[in-house]
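Reader: I would like to learn how to read a protein model that comes with DNA, taking the contacts and the helix packing in turn. Could you take me through one?

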Amino acid sequence: MKAKENSKPLKTAKKITEAPAPKQHSFFEDVWDVVRQIPKGRVTSYGAVASYLGTKMSARMVGWAMNAAHHSHPPVPAQRVVNRNGMLSGKHHFPTPDAMEKMLKKDGVKVENDTVKDFANLFWNPSEELGL
DNA sequence: GCATTGACGAAGG
DNA sequence: CCCTTCGCCAATG
């Protein structure tokens, strides 16, 4: 049901990055849910998550979801999500550029030159782990 | 309402 | 093998 919560000239007070999904089961929330299931010390890629959700071509949306994930709750370990290259492409979106790799190292993931070391080995594929 | 951008990825040249 | 282009979907200008 769609409850039109507004009919008044509300000046877009609703900003994204807070809760883009008024309802659950949104692509964003699905992404967060998968990312939250990433085991500590493991990492995955945007494409892998997208592929698990069935939209492998929409890997970019996963990145967008991560952006909103910063305000989601429970917190989403976005630092465990990197691009297919294993590079910390999103580190610039964290509070501080080194927050991402710092958290990864805390998870036991070695990061060097903004890239996850032994990425192929640490790669966590939701389609496999969660069941294809 | 159209044009541009974006934390990607695959394909083409 | 490196660079460019296209596709995806949504948000922003």
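**Reading the DNA contacts and the helix packing**

Author: Let us begin with a single contact, remembering that this is a predicted model: an N or O atom in the side chain of His 70 lies 3.1 Å from a base nitrogen of DNA strand B. The elements that give two or more residues to the surface near this strand are helix H2 (46–53) and helix H3 (59–69).

Reader: Which other side chains place an N or O atom, or a polar atom, by a base nitrogen of DNA strand B?

Author: Arg 60 has a polar side-chain atom 2.5 Å from a base nitrogen of DNA strand B, and for Trp 64 the distance from a side-chain N or O atom to a base nitrogen is 3.1 Å.

Reader: How many residues surround DNA strand B, and which are the closest?

Author: There are 18 residues around DNA strand B, and the closest are Arg 60, Met 61, Met 66, Arg 84 and His 93. Of the strand's atoms that come within 4 Å of the protein, sugar and phosphate account for 48%. H3 gives the largest share of the surface near the strand, seven residues, and the residues of that surface divide into seven nonpolar, nine polar and two charged.

Reader: How are H2 and H3 arranged relative to each other?

Author: Two packed helices are described by the angle between their axes and the distance between the axes. H2 and H3 pack at an angle of about 105 degrees, with axes 8 Å apart, and they are therefore roughly perpendicular to each other. In their contact, Tyr 46, Gly 47, Val 49 and Ala 50 of H2 meet Ala 59, Val 62, Gly 63 and Met 66 of H3; six of these residues are nonpolar, two are polar and none is charged.

Key. Residues are numbered from 1 along each chain as its sequence is written. Chains are lettered from A and ligands numbered from 1 in the order in which they are written. This is a predicted model: local features need pLDDT of at least 70, side-chain atom pairs count only at pLDDT 80 or more; totals for chains, interfaces and linings use all residues. Side-chain values use heavy atoms; hydrogens and water are left out. A residue is near a molecule or strand if one of its heavy atoms lies within 4 Å of it. A polar contact is a pair of N or O atoms within 3.5 Å; within protein, one must be able to donate a hydrogen and the other to accept it, and residues adjacent in sequence count only if both atoms are side-chain atoms. Helices (H or I, at least four residues) and strands (E, at least two) are DSSP runs, numbered from the N terminus. Ala, Val, Leu, Ile, Met, Phe, Trp, Tyr, Cys and Pro count as nonpolar, Asp, Glu, Lys and Arg as charged, and the others, Gly among them, as polar. Axes are lines fitted to C-alpha atoms, for helices over the stretch in contact, and angles run from 0 to 180 degrees between N-to-C directions. Angles under 35 degrees count as roughly parallel, over 145 as roughly antiparallel, 65 to 115 as roughly perpendicular and the rest as oblique. Contact means heavy atoms within 4.5 Å.
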